[in-house]
Protein chains: 2
Amino acid sequence: MNRSNGGPPHRSINRSADRGVARSATGGDVAAESRATSDFLQLDPRDAPRGGLSDWLARQIRGAIADGRLTVGSRLPATRALADELRVSRGVVTEAYRRLTEDGHVAGRGRGGTVVVAVPQASTGSGKAPVEGAARSRDVFTAPTDLGTFDAVRAAAARIDLSPGLPDLAAFPRAAWLRAERSVLARLTPSDFGYGDPRGTPALRAAVARWLSHNRGIPAAPDDVMIVSGTAQALRLLVDVLHADGITRIAVEEPGSLGVRQHLRPLDTPPVPVDAHGIRVDALRATGAPAVLLTPAHQFPTGVVLGGERRRELMDWAREGGLVVEDDYDAEHRYDRPAVPALRALLPEHVCYAGSVSKLLAPALRLGWLLAPAAYRDALLDAKRLVDLGSAALPQLVLAHLMDSGDLERHLRLIRKHHRRRRDAMIEAIGECLPGAVVHGAAAGLHLTITFGEDAYDGSDADLATAALARGVKVHPLSWHTQLPHAPGLVLGYAASTPTEIAEGVAVLGQLL
Amino acid sequence: MNRSNGGPPHRSINRSADRGVARSATGGDVAAESRATSDFLQLDPRDAPRGGLSDWLARQIRGAIADGRLTVGSRLPATRALADELRVSRGVVTEAYRRLTEDGHVAGRGRGGTVVVAVPQASTGSGKAPVEGAARSRDVFTAPTDLGTFDAVRAAAARIDLSPGLPDLAAFPRAAWLRAERSVLARLTPSDFGYGDPRGTPALRAAVARWLSHNRGIPAAPDDVMIVSGTAQALRLLVDVLHADGITRIAVEEPGSLGVRQHLRPLDTPPVPVDAHGIRVDALRATGAPAVLLTPAHQFPTGVVLGGERRRELMDWAREGGLVVEDDYDAEHRYDRPAVPALRALLPEHVCYAGSVSKLLAPALRLGWLLAPAAYRDALLDAKRLVDLGSAALPQLVLAHLMDSGDLERHLRLIRKHHRRRRDAMIEAIGECLPGAVVHGAAAGLHLTITFGEDAYDGSDADLATAALARGVKVHPLSWHTQLPHAPGLVLGYAASTPTEIAEGVAVLGQLL
């Protein structure tokens, strides 16, 4: 729980615009030798504020990643070596790396050292990521408002599907599922086949409460949990309840998920910019919206983690009456950083928390959970009754069995390995085929977001996605997931494709650029 | 298909008020001998209109059942014997019995002969079924508007549960289900575990189309079928779409299901009386409602079948622009009469058809289907996307397998036998323990409705249900399922209870009266 306000306390990384080019001349003779051997970012600890060496170091490295001096895939110096170079204690470097890891910018690779895995979202005035996309022509994928958009793209034939949002589906634990189903069917009483509690079966609500306590640090009792048919339904129920409550606006992250925005209809969704620390709470305040939907653990699509300071600001906003809807859509998928604690754990009476097994097991299961402040529960229960009288019982009981038996945990460990390999394959392919692309959010999740500087690509990403689809490769244009003008980009899922498919798909993108 | 306007052509059974008491004096010497032996309703064929002997005979018998001269469980004379008595051809009697069977009033019992199984809904001015219930005190079960009503009653502990709406849950085909699941899991491709068609899996939509064509006489293509999470969700989606279309009222049957009415919120539900032939279409017209929800095959809760003339009137109303929502909730459960064709088969472009497996297999599966006129399909698909992006795929595929393999058909035959035995046990118990009760709708379905004349019980049925629950027996008061004042009554499910439980439960009711 004391990780809840973790993350770096930096409010800005403007100082990193300092490229240190002129430093070598002022370094003095003492450091001359080590400078010559390391040359790592021309860092000079004498620039650091007193007592803030780790902060300062993390900030410098983050700035270097943001402006492209350190590219994704490049290795940081070993902690001992860098400490020696900088003549600081090794703990300073370890702490800085820890913060960067927590933020998802770098990742420990065991003997492979510490590697850059993600670029902070454009926030440093680095000159890249121009905001001119609005004037560009867009066609097939342009500003989709039709609810059928996803179905249409899903139905489109493609040799390689790099749509985001899917885990490794080939790894679905069929044998464990069937075993669990047999066990469940053997135990059921006749009345279990009748109409059940619309909030979900007691067994699954208990299992989810334990899962969330254990895996997400959320203290939860079974009565806190309502089982829903995926996060889509959780949002639908919330919208019904909020709308009936007179709420007409819910702020969303910018960029942010198109699918989520569709599910928030008919509420207005004022966009709030996300920077390297997550959603900008000052901008959230400025919208005047009474509620906000967030993806704090791994922002979709940028992969940014909501920073500690932002969390504090957000919790202040919530305590003053704001409602936070936390979409914890892929928090279990992390590779190079510790788990990011859920907002729900901090302020349960101000946070609606939604999660699902869509990215743990399979979207086809249509199972998820919603934890809401007590004040909303009765209305949410009525809304659930109206939409379906409760989710199907058998799959709930099978899932509970998988959670309780440890099968789900084992499955998660297995696919995490697959996903990591696939992510690495994608980063490698991008490095080879898309040299102008900047990779975001690689430390966790099931997808990468790439953006293009003007040098690399100045067309519309919708055109690019359309052309890729014509070549048999399915990707999301970043513009799908934006409401405001934005640099062109693509959102690329890697988790459901093999390394070979990934390499091929990215190669096709490279040919198109 | 030529059964579609089946059912008896009688418009009224007022003539059955003729009790024939004085007939014996006018019978003449010719019939005296046979009258003396049969004395069956003191029938005199000379009262019959020319060429309408079968009609007349059916009407006389129906009247006798309605006014209590023939009670549920009593046996009609053998066709040959009655033909001899009446000096008519045997075909006249056979045809009259056929019509009564079709209406669900009597049932063939093989060697057991033809037995009265259901009373026409109060419509004959017989002096019973007074409409004074409004003034009576009601408490726990009174005019429930809270959506939690059903959950509260379901959660209440009871030794014997005679709530209507459940099939024999102990017979759930666990082995067949597991077999089908194994087969499905073995065949699935990884992408089957992803997000699917929100209308349902192609396999189940095809299987449902075949099932409906075969079992319900509905010509249906897979594209006509949308898979939903039970009829509750079908109604919810329809309400969303109709409401968005500016429709604010949908007429419902009176009496009619409370659960259905709850799911039609926020639409107004003007009540339209049901008589022995089903909903009164003249009264429907009088409401001015643009849509109506019906249970034509086995009206809930009365068990009345929508008659042929009424069907024609209703189809006229629909052709003039009315929208019919057909809730075919338990059409597969019939014991003593042929299948009643679905309205959807007659006029697909004016009928939304909803069905589910809740009463075929188990409500816990939360699987059903909705067939809508083409004009509503896109909007319904959007509504389905919003509520859950589609129902869970695995149970859909297992169900499709059970339908295609014949397992579901076999299951239906099995539970039909169980249900018939249980129904008979309930009728027998009612005959023994509730002599003043009139039984309705026994020819089909999963429940009986009983009403009480003033002599038998003049309290409120909500009080009776409350008292029964206190004695460990769960039943629905008929008043739950009415919007207008109505004679007190109970709705008693028999399908999910053993004959012993049924006998015990009804005995408790008898003690309370």
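What follows is a short walk through this structure, from its cores to a few individual side chains.

The model is predicted, so local features are given at pLDDT of at least 70 and side-chain atom pairs at pLDDT 80 or more, while totals for chains, interfaces and linings use all residues. Residues are numbered from 1 along each chain as its sequence is written, chains are lettered from A in the order in which they are written, and side-chain values use heavy atoms, with hydrogens and water left out.

Let us begin inside. A nonpolar core is a set of buried Ala, Val, Leu, Ile, Met, Phe, Trp, Tyr and Cys residues joined through side-chain atoms within 4.5 Å; buried means under 20% relative accessible area, exposed over 50%, and partly exposed in between, with a 1.4 Å probe and protein chains only. The largest such core has 82 residues, and those touching the most other members are Trp369(A), Leu399(A), Met403(A), Trp369(B), Leu399(B) and Met403(B). Apart from it lies another core of 59 residues, including Ala429(B), Val438(B), Val439(B) and Val506(B). Take Met403(A) as your guide to the first core: leaving aside neighbours within four places in sequence, Met403(A) is in contact (heavy atoms within 4.5 Å) with Leu204(A), Ala207(A), Val208(A), Trp211(A), Trp369(A) and Leu408(A).

Next comes helix 9 of chain A, residues 230–244. Helices here are DSSP runs of H or I with at least four residues, strands are runs of E with at least two, and both are numbered from the N terminus. Twelve of the 15 residues of helix 9 are buried, so the rest of the structure largely encloses this helix. Among the buried ones are Gln233(A) and Arg236(A), alongside Leu235(A) and Leu238(A). With the expected span taken as 1.5 Å times one less than the number of residues, the helix should cover 21 Å, and its end C-alpha atoms, 22 Å apart, agree with that. Just after the helix, Gly246(A) takes a positive phi of about 95 degrees.

Now for the charges. A salt bridge is a side-chain nitrogen of Lys or Arg within 4 Å of a carboxyl oxygen of Asp or Glu, and the whole structure holds 50 of them over all chains. Arg199(A) pairs with Asp197(A) at 2.8 Å, N to O, and also with Asp223(A), where the closest N and O atoms are 3.8 Å apart. The latter pair links distant parts of the chain, 24 residues apart: Arg199(A) is in the loop between helix 7 and helix 8, and Asp223(A) in the loop between helix 8 and strand 5. In chain B, Arg319(B) and Asp316(B) lie three residues apart in helix 12, about one turn, and their salt bridge is 3.2 Å long between the closest N and O atoms. Shared partners also join Asp151(A), Arg154(A), Asp382(B) and Arg385(B) into one network.

What is the nearest side chain of opposite charge to Arg344(A)? Arg344(A), in helix 13 of chain A, is buried without a salt bridge, and Asp224(A) is that nearest side chain, 4.8 Å away. Instead, look to Leu371(A), whose backbone oxygen is reached by the Arg344(A) side chain at 3.4 Å.

Our last stop is Thr482(A), in the loop between strand 16 and strand 17 of chain A. Thr482(A) counts as buried because its relative accessible area is 9%. A polar atom of its side chain lies 3.0 Å from the backbone oxygen of Ser479(A).

Definitions and conventions: Lys, Arg positive; Asp, Glu negative; His and termini not counted. Polar contact = N/O pair within 3.5 Å; in protein donor to acceptor, adjacent residues only side chain to side chain.
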